[in-house]
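Q: Could you show me how to read a sheet and a cavity in a protein model? I should like the general idea and then the case at hand.

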Amino acid sequence: MCGITGFWNPSRTNERELRFSLDRMLDVLDHRGPDERGSRFFQERGLAMGHTRLSIIGLACGHQPIETDDGDYAVTVNGELYDYKRIRTALACEDYKCDGKSDSAITLPLYLKHDLAMVDHLRGEFAVVLYDDRKERLILIRDRFGVKPLYYAVNDNGIVWGSEVKSILQHPDIEPRLCPKAAVHQMMQVMVPGSTAFEGVDALLPGHMLVVQRNGDSLEVQTKRWWDFEFPESHDENADPEPFVQGVQDRLIDAVAARLEADVSVGCYLSGGIDSCSIIGLATTLQQSPVKAFTIAFDSDEYDESNIAKRMAERTGAEQELLRLTEKELYGPAFERATWHAERTFYNTLAVAKWHMSRRVRACNYKAVITGEGSDELFGGYPFFKRDWLGRDDEGGIFAGAILAEEDLQHSAWQDLCGFTPSWIQPWMLVLKRFEPILSSSLTDLLREYDPVGEVANAIDPAQVRGRHRLDVSQYTWSKTMLEGQILTWGGDRMDMANSMEARPAFLDHHVAEYATTIPPNIRIRNGVEKWVLREAMVNVLPRELYERKKFAFMAPPAHTDPVKRAAVQEMIDHWLTPSRVDSVGFFQHDKLMQFIDDAWKETDGTIARRNDIVMNHVLQLHMLHGQYVEGLPLPAVD
């Protein structure tokens with residue numbers, strides 16, 4: 001895993017200017033690659049490519065950018081490419097040379113052999129930027145699910161790109177400005193796919209490539225989808241479940257085995273859930289030495305599942321590193337630093353907890369862990385998936401207010417697209433309503449003309465949902481929005497790489513994912529049991545109590561659950577939400593905002609209190625992002 005960045009400004013060819021701009025962009029990506037830095041300039045083209053390296057494979061021979069001997073092709077890669085040894089050997093048999101022994105070295109010979117179809121031969125988590133000087137063509141590629149980030153900004157001068165938005169904002173052509181529409185989307189937690197918090201900066205969509213072709217003095221930009229999480233138009237509802245159980249087991253074993261490949265030690269994240277316990281159970285038998293397990297524990301029994309994780313560690317003989325977190329770690333300087341790394345707001349301090357955990361992983365001299373993200377998306381694990389198919393069966397418990405809505409809502413754009421309004425977006429529609437009374441006049445005016453809920457629906461390809469099973473539709477729409485925009489960003493890559501640590505989500509191996517879409521809904525969720533097919537595949541790996549356990553909410557305890565946490569949040573409110581800053585940011589009315597906060601601390605209804613916590617988190621972070629990126633305030637130190 002690494003950081004990549006660069007730009008192409010055909011009219012600017014001054015060497016000093018190119019180097020100065022690229023150095024500034026690389027400086028803010030040091031946390032993604034502290035082991036080495038590299039750059040490649042095509043000065044006459046006005047093109048610069050930069051790379052910061054976190055060495056995982058080919059420790060002494062993985063320098064980037066990688067280029068061909070004639071210098072006509074160059075590439076930077078962020079991520080891990082599995083099966084690279086087999087691919088490298090097959091290429092050698094056809095006289096295609098790989099420059100070095102790193103996994104990234106297969107990209108250029110694959111391009112020389114297959115052109116843009118090279119992407120079909122890549123397995124793993126990756127973002128790739130490749131320049132073909134012979135064709136004067138630049139190609140940006142993002143992996144199938146968007147595990148690895150890649151952002152870009154196109155303007156009259158050219159294109160700028162980076163693994164993180166912060167590197168793009170360092171380019172002299174880009175002015176850091178928060179986008180009002182994106183602010184609204186952050187308030188409701190659901191970003192429009194392909195958008196960011198900042199004006200003029202876009203995210204390359206998962207499974208897409210951006211092809212930039214020079215035509216005279218201008219650049220022509222075209223986006224192409226090369227992969228999608230595609231469900232079939234029908235399933236065999238009478239299918240025998242046993243072959244699917246075996247199919248999941250076989251593919252997951254292979255995916256975990258691939259992700260244990262490294263020239264450094266690879267650990268595992270371990271919560272008390274089925275997903276991470278399955279991963280560590282398989283890794284234990286695949287690996288000769290004991291597995292190192294990293295677990296987060298919270299100071300609230302309602303949200304803590306570390307006891308089950310501990311039993312799983314004991315069952316597998318794993319060496320467990322347990323990190324206990326309280327309000328001292330979840331708020332204050334760590335909250336601000338996590339916000340800077342996330343580059344967007346988050347509704348729950350789980351992001352901060354993940355930041356602390358990646359720091360602990362590095363302190364234990366580990367650079368890579370295998371994680372359980374993606375299992376719920378593939379096998380129907382979230383409660384809103386079950387609700388969309390089987391209907392309401394409970395009031396949500398601690399899910400209510402954040403994961404499940406306590407009332408059924410509809411939205412015309414979603415009704416038109418799916419035939420129903422997915423349950424996963426309904427709680428965020430209610431969160432947005434909590435914001436409306438405190439918005440500034442400018443945002444109130446914006447919402448008279450702009451429908452954020454509808455805009456998210458408009459970003460979904462109708463051809464991929466129409467005629468599909470309700471469970472397939474729910475899983476697909478969530479995966480195209482919240483998986484990439486939430487779980488894999490502020491819940492994944494951004495907090496992991498903040499401390500130079502890579503995460504490898506085995507469930508999101510495309511061989512596993514493509515197989516999962518073929519599993520009939522009544523085998524994914526069977527007799528009301530979510531992830532039934534995975535439970536059966538892992539029945540001899542999991543403890544009985546975990547095999548039989550319902551989905552647990554992996555979230556940090558909200559502030560309203562503890563007076564000490566409330567005090568920690570109030571301290572941040574007093575610092576960040578001053579009348580002058582609220583007025584300068586321009587998203588809220590200060591007086592009404594303060595009244596909302598006063599009332600929120602008195603709320604006794606648990607569902608509403610959780611929703612109020614979400615509102616306060618988003619408000620705080622919008623002002624933090626403005627301070628950090630627009631005002632240029634320094635980040636605080638974290639003990």
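A: The model is predicted. Strands of a sheet pair through backbone hydrogen bonds, in either a parallel or an antiparallel manner. Here, six strands make up an open sheet, with the order S4-S5-S6-S7-S11-S12 and antiparallel pairing.

Q: Which strands stand at the edges, and why is one side of each left without a neighbour in the sheet?

A: The edges are strand S4 (66-67) and strand S12 (218-225); each has a single partner strand, so one of its sides has no neighbour in the sheet.

Q: How many bridges join strand S7 and strand S11?

A: Five bridges link strand S7 (residues 137-142) with strand S11 (residues 208-215), and the sense is antiparallel. In this pairing, Arg137 is placed opposite Gln213 of S11.

Q: Let us turn to enclosed space. How many cavities of 30 Å³ or more are counted?

A: The count is eight cavities of 30 Å³ or more. The second largest cavity holds about 190 Å³ of space.

Q: Which residues lie nearest the centre of the second largest cavity?

A: Its lining comprises 18 residues, and those nearest the centre are Tyr151, Ser195, Thr196, Arg344 and Gly485. By class, the lining residues divide into eight nonpolar, six polar and four charged.

Q: Which helices each supply at least two residues of that lining?

A: Helix H18 (470-487) and helix H19 (489-497) each do so. H18 provides the largest share of the lining, namely three residues.

Definitions and conventions:
Residues numbered from 1 in each chain as written. Predicted model: local features only at pLDDT ≥ 70, side-chain atom pairs only at ≥ 80, totals over all residues. Heavy atoms only, no water. Pairing = 2+ DSSP bridges. Helix = DSSP H or I, 4+ residues; strand = E, 2+ residues; numbered from the N terminus. 1 Å grid on protein atoms, 1.4 Å probe; cavity = no way out; pocket = protein on both sides within 12 Å on 5 of 7 lines; lining within 4 Å. Points joined across faces, edges and corners; volume = space filled by probe spheres on them. Nonpolar A, V, L, I, M, F, W, Y, C, P; charged D, E, K, R; others polar.
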